[in-house]
Amino acid sequence: MKLIDYIESRRDENLNELKEFLRIPSVSTKSEHKPDIERAAQWVAEKLRTAGLENVEIAQTKMHPLVYGESLHAPGKPTILFYGHYDVQPAEPLDLWTTPAFEPTVRGGSLFGRGTADDKGQVHIHLKAIEALKKTTGQIPLNVKVMIEGEEEIGSVSLWDFVQKNRERLKADALVVSDTSMLARGVPSITYGLRGLNYYQIELTGPAQDLHSGVFGGAVPNPITILAEMIAKLHDKNFRVTVPGFYDRVQTLSRREREALNSLPWKEKDFRKTVGAPGLCGEKGYTIVERLWTRPTLDINGIWGGYMDEGAKTVIPSKAWAKFSTRLVPNQDPAKIAKQVERHIRKLLPKTVTAQFEVLSTGKPWVASYSHPIFQKAINALETGFGKKAVFIREGGSIPFVTQMHDTFKVPCVLLGFGLPDENAHAPDEHIALENYFGGIKAVALFYNQLASQ
Ligand code: BES
Ligand code: MN
Ligand code: MN
């Protein structure tokens, strides 16, 4: 098998090249990293060219550039659009990394560094698979369009505008994405559902300025206390979200899907170990897998205010803040949910504070059937590449672009995840298992090859 031999022979080169990509701290949320974002876009563009793609373009947007390239030399063969992101989450807290976030290091069969799993490592898998096809067959045997954006971790602010303006150019028979996980080690997985995400921020103001807590304490509203009380009311004792109407349109699972999801080779023991908390909690009446993949949630993502430095300061703060989000499932409507959440929160707050409520981003959930024949090809390729049978899973994370593409172009979306749930995406010591990185290149090359040979 020439293709696989070629990929095998390139192991060291590929890994070293991925490390180069990972050394660029392309953190999309911080303006100080703007030059690194530019550098990462350049890097991706160059690698698209080496992979044999043409018309490579770095498209400027209002924020971070988007990289595009294509190879359209297979008339009569399918056209796929591969999507991924070159931006990464901030590395903080830095002191919790065993080795520095932007100095990729191999340890215990995994490559550590920010972006290894989410999503540079997975993007690189596709670039190297495409390159292998080009190098071993002389021509990429199907039509490939590649779009790698730099704003995924901040909500893909410019992406949709670009897609609208390039509707014709981006047309494809299928969308392929690798920005998800496998169910577990040794279980290649195809994701057919993602949750949506609404993100909110609230600012409460009580007193017009900070006050001495001895002089004023006991007779004035404390916005931190009020915020904490409000937050405590957002779930009931069964861990259901108390926002009126929140569950109204939530799709109930069919018995068949429920059984399928609950009989996957998923181990609660592994989950508990990854979480590392003394206990778990969640919505009454649902299994953990159902809670994670098929139920909507509300989470507080940050809370701050008052004195947070060394030692003591007796103060009643003027303000308190919180960031929070709701994960959404079919058929919840993000805009409607945002209104319901704001209304509920304003009702819970006493007249002693004023509130500024902001919706930072919204994104729709996604779930799709996997009956299209392309999924059988994906299953076969994963099985050949990994030597293990693949499974269909849903996930709790969000990739709003997948929903947009699915709704707009009505194409099958094939989500091949090569991360693992315990690989610390967004956290210190993010990593990717080398077996999945190398196995991924093989599986993706086989998948693309199969698509060409129908
Ligand atoms: N790759 C993740 C999405 C993901 C994570 C899918 C885990 C499936 C399992 C993506 O980079 C991400 O982090 N998305 C954000 C949302 C985005 C709008 C910032 C998320 O899910 O929080
Ligand atoms: Mn990602
Ligand atoms: Mn991410």
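In which loop is the place of P93? In this predicted model, P93 is found in the loop between β3, residues 79–85, and β4, residues 105–107. I begin there, colleagues, for a reason of backbone geometry. The peptide bond joining E92 and P93 is cis, with omega at about 0 degrees.

A second cis peptide bond deserves attention. It joins D118 and D119, and omega is again about 0 degrees. As for its surroundings, D119 belongs to the loop between β5, residues 110–112, and helix α4. Please keep D118 in mind, for that residue returns when we come to the ligand.

One further backbone feature concerns S156. Its phi is near 50 degrees, which is a positive value in a residue other than glycine. S156 sits in the loop that runs between β6, residues 143–149, and α5, residues 159–165.

Let me now turn to ligand 1. How many residues surround it? There are 13, and the closest are E152, D179, R327, S398 and H426. Sorted by class, this shell consists of two nonpolar, five polar and six charged residues.

Several individual contacts can be described. D118, the residue joined to D119 by a cis peptide bond, places a polar side-chain atom 3.1 Å from an oxygen atom of ligand 1. For D179, a polar side-chain atom lies 2.8 Å from a nitrogen atom of the ligand. S398 takes part through its backbone: one of its backbone N or O atoms lies 2.9 Å from an oxygen atom of ligand 1. On its own, ligand 1 has 510 Å² of accessible area, and the protein covers 82% of that.

I should like to finish with the helices, and in particular with α15, which spans residues 434–452. Three of its partners can be taken in turn.

The first to discuss is α13, residues 373–386. The axes of α13 and α15 come within 8 Å and cross at roughly 140 degrees. How should this pair be classed? Angles over 145 degrees count as roughly antiparallel, and α13 and α15 are therefore oblique to each other. Their crossing is right-handed.

Next comes α4, residues 120–137, the helix at one end of the loop that holds D119. The axes of α4 and α15 are 8 Å apart, and the two helices pack at an angle of about 50 degrees. This pair is therefore oblique as well. The crossing in which α4 passes α15 is right-handed.

The remaining partner is α1, residues 2–9. Its axis and that of α15 come within 10 Å, crossing at roughly 150 degrees. That angle makes α1 roughly antiparallel to α15. Here, too, the crossing is right-handed.

To close, I would ask you to look once more at two places in the structure. One is D118, where a cis peptide bond to D119 accompanies a side-chain contact with an oxygen atom of ligand 1. The other is α15, which crosses α13, packs with α4 and crosses α1. Thank you for your attention.

Note on methods:
Residues are numbered from 1 along each chain as its sequence is written. Chains are lettered from A and ligands numbered from 1 in the order in which they are written. This is a predicted model: local features need pLDDT of at least 70, side-chain atom pairs count only at pLDDT 80 or more; totals for chains, interfaces and linings use all residues. Side-chain values use heavy atoms; hydrogens and water are left out. A residue is near a molecule or strand if one of its heavy atoms lies within 4 Å of it. A polar contact is a pair of N or O atoms within 3.5 Å; within protein, one must be able to donate a hydrogen and the other to accept it, and residues adjacent in sequence count only if both atoms are side-chain atoms. Accessible areas come from the Shrake-Rupley method with a 1.4 Å probe; for residues, only the protein chains shown count as cover. Ala, Val, Leu, Ile, Met, Phe, Trp, Tyr, Cys and Pro count as nonpolar, Asp, Glu, Lys and Arg as charged, and the others, Gly among them, as polar. Axes are lines fitted to C-alpha atoms, for helices over the stretch in contact, and angles run from 0 to 180 degrees between N-to-C directions. Helices (H or I, at least four residues) and strands (E, at least two) are DSSP runs, numbered from the N terminus. Angles under 35 degrees count as roughly parallel, over 145 as roughly antiparallel, 65 to 115 as roughly perpendicular and the rest as oblique. A crossing is left-handed if the near helix is turned anticlockwise from the far one by less than a right angle, and right-handed if clockwise.
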